[in-house]
Amino acid sequence: MEVPATMRFSGHVVAMPFPGRGLVTPMLRLCKLIAASSTSQGHDGGALLITIVVTQEWLGYIGSEPKPENIRFATIPNFLPHHTQIAADSPAFSQAAMTNIEAPFDNLLDQLNPPVTAIIGDVELQFPVAVARRRNIPVALLWTMSASFYYMLHQLESLARNRDFIVDLLEHMPGISSTQLADLRNVVHENDLKFLQLKLKCISTVPKADCLILSTIQELETEAIDSLKVVFPFPIYPISFPYFKPETGHLEVNNDYNIDYLNWLDSQPALSVLYISFGSFLSVSSAQMNEIVSALNTSGVGYFWVAREETSWLKEKCGDKGLVVPWCDQLKVLSHPSVGGFWSHCGWNSTMESVFAGLFAGVPFLTFPLAMDQPLISKLIVEDWKVGWRVKKEDKLDTLVGRDEIVVLLRKFMQLDSDVGRDMRKRAKEFQHICQLTIAKDGSSETNIKAFLKNIIQGAVPQGSNRPQVQVGIENLS
């Protein structure tokens, strides 16, 4: 945890992400933005020192990640024994993280130098607010899903006891056209209900924080964000984590399978490849997977499929029109000129990456939600943004889509010269202007980062805050 001896710091923020694939990455990106912004703003006391706390397992994944010199990593022990087999997408994993991480995290804070002046914690960990309150320091919470989903959870929070409450709860969802919450009856299965209850438990701590950071593009979720600002007495900061076009000269090699997939994409015609990814953990049923594989082989559509646990099986079943790998740099793939569409499970991180990839390609979606917030995101993509089609006629998670239906859809979706295809790609490319405005100098994201830093570094406490004012001092490590 060494830091340059000559650096002076205006404060020391400790970031605690939830130890999951879709959650560590947003926190890391947020910290890089904050670190860069605190340096460029030229505070008298110097930059902000940021310590990102991860489990020992996660340090192995991201320890070599390039980062500014005012960011460092610190570790806590893995919170599950190595012999414990709990899937990272299970409610038991989430509960274990909430329960077992707090004590080692709290102990670590006592050992850090300079003293910790603020905490940024993931909403889903639940304990960061309590730790900050005991130490009388400010705490910000990061929400890594959509603002629309948070607003929905807020509306459901006081009534979440069983499935039946969903049907007539709301008539309108801010920011989502023609959305009826009765659709959620098709989403909340037993495992998802447990997750829903856990998430509601987590957001119950948010009103006790000093501010909320939303991982989103403000201009795409304006109504939901404005609704949340009415709800809470503290600042809400929508911050976009910018995604930049990869350097064209650099090729990423999948060493596990000895496949240079970018060279394979280079060999394909422009806009001819369908990129397929259903996320890190959630899986498609065996019956549905068979239908998808059969449809791909029949359709004649070229495809690039990232499938983690199913890679070996799919490589045997898929034909010569496609390539199957266990991992890729998703932004590079989405930005590649041969990619003409994205068949997605509608995870929020993947959706945001694809939106930013529209800066360069205009990649439309085939939506295929699997759980929780994903049907809601599918509605955003299809009904509000109008940059995609549903694979299923409705966002019902237990619907089996047959091979013949998928074949027709794929051929139509990848037909470049159709009026529908051209219009959808045109709308996808129109996100270029939105994204550019968001991440530009003095754009909404930069403005929100500066406001957040002013709040944290200067110890500014808005009216209605939950803590007494804390003035952040300057630490000299020399």
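Among contacts between residues at least 6 apart in sequence, 69% join residues at least 24 apart. The model under analysis is predicted. The protein has 478 residues, and buried residues make up 56% of them. Its secondary structure comprises 17 helices and 14 strands. The accessible surface comes to about 19900 Å². Carbon and sulfur atoms account for 49% of that surface.

An open sheet is built from 6 strands. The strand order is 10-9-8-11-12-13, with parallel pairing. Strand 10 (322-325) and strand 13 (388-390) form the edges, each pairing on one side only. Neighbouring strands of the sheet are turned by 20 degrees against each other on average, direction ignored.

Strand 8 covers residues 273-277, and 5 of its 5 residues are buried. The strand is therefore largely enclosed by the rest of the structure. Burial extends to both faces. V273, Y275 and S277 lie on one side, and L274 and I276 lie on the other. Strand 8 has two partners in the sheet order, strand 9 and strand 11. Pairing with strand 9 (residues 302-306) is parallel and runs over 5 bridges. Pairing with strand 11 (residues 339-344) is also parallel, over 5 bridges. I276 marks the register on both sides. This residue stands opposite W305 in strand 9 and opposite W343 in strand 11.

Towards the strand 13 edge, strand 12 (residues 365-367) and strand 13 run parallel and are joined by 3 bridges. Here F365 stands opposite G388. Helix 14 (residues 374-384) packs on the sheet and touches both strand 12 and strand 13. The direction of helix 14 makes about 120 degrees with that of strand 13.

The nonpolar interior was examined next. The largest nonpolar core has 57 residues. Those with the most contacts inside this core are I101, F105, I119, W143, V206 and L212. Helix 6 (residues 147-156) gives the most to the core, with 7 residues. A second, separate core holds 33 residues, including W264, C328, F356 and V387.

Helix 6 is itself mostly covered. Of its 10 residues, 8 are buried, so the helix is largely enclosed by the rest of the structure. The buried positions are A147, S148, F149, Y150, Y151, M152, L153 and L156.

One helix 6 residue, Y150, is a contact of V206. Beyond residues up to four places away in sequence, V206 also touches V123, L141, L212, F232 and F234. Both V206 and L212 rank among the core residues with the most contacts inside it.

Two further helix 6 residues, F149 and L153, are touched by K199. This lysine is found in helix 7 (residues 190-203). The relative accessibility of K199 is 6%. Residues under 20% are classed as buried, so K199 counts as buried despite being a lysine. The other contacts of K199 are E124, M145 and M372, not counting residues up to four places away in sequence.

V116 lies in the loop between helix 4 (102-111) and strand 4 (118-122). With a relative accessible area of 15%, V116 is buried, because this value falls under the 20% cut-off. V116 and V14 are 102 residues apart in sequence. In space, their C-alpha atoms are 6.7 Å apart. V14 is also a contact of V116. Leaving aside neighbours within four places in sequence, the other contacts of V116 are H12, L109 and I137.

Cysteines were considered last. The structure holds 0 disulfides. A disulfide is a covalent bond between the sulfur atoms of two cysteines. Two of the cysteines were checked for burial. C202 is buried, with a relative accessible area of 1%. C346 is buried as well, at 0%. Another cysteine, C328, is included in the second nonpolar core.

Conventions:
Residues are numbered from 1 along each chain as its sequence is written. This is a predicted model: local features need pLDDT of at least 70, side-chain atom pairs count only at pLDDT 80 or more; totals for chains, interfaces and linings use all residues. Side-chain values use heavy atoms; hydrogens and water are left out. Helices (H or I, at least four residues) and strands (E, at least two) are DSSP runs, numbered from the N terminus. Buried means under 20% relative accessible area, exposed over 50%, partly exposed in between (1.4 Å probe, protein chains only). Contact means heavy atoms within 4.5 Å. A disulfide is a pair of cysteine sulfur atoms within 2.5 Å. Two strands pair if DSSP finds at least two bridges between them. A nonpolar core is a set of buried Ala, Val, Leu, Ile, Met, Phe, Trp, Tyr and Cys residues joined through side-chain atoms within 4.5 Å. Accessible areas come from the Shrake-Rupley method with a 1.4 Å probe; for residues, only the protein chains shown count as cover. Axes are lines fitted to C-alpha atoms, for helices over the stretch in contact, and angles run from 0 to 180 degrees between N-to-C directions.
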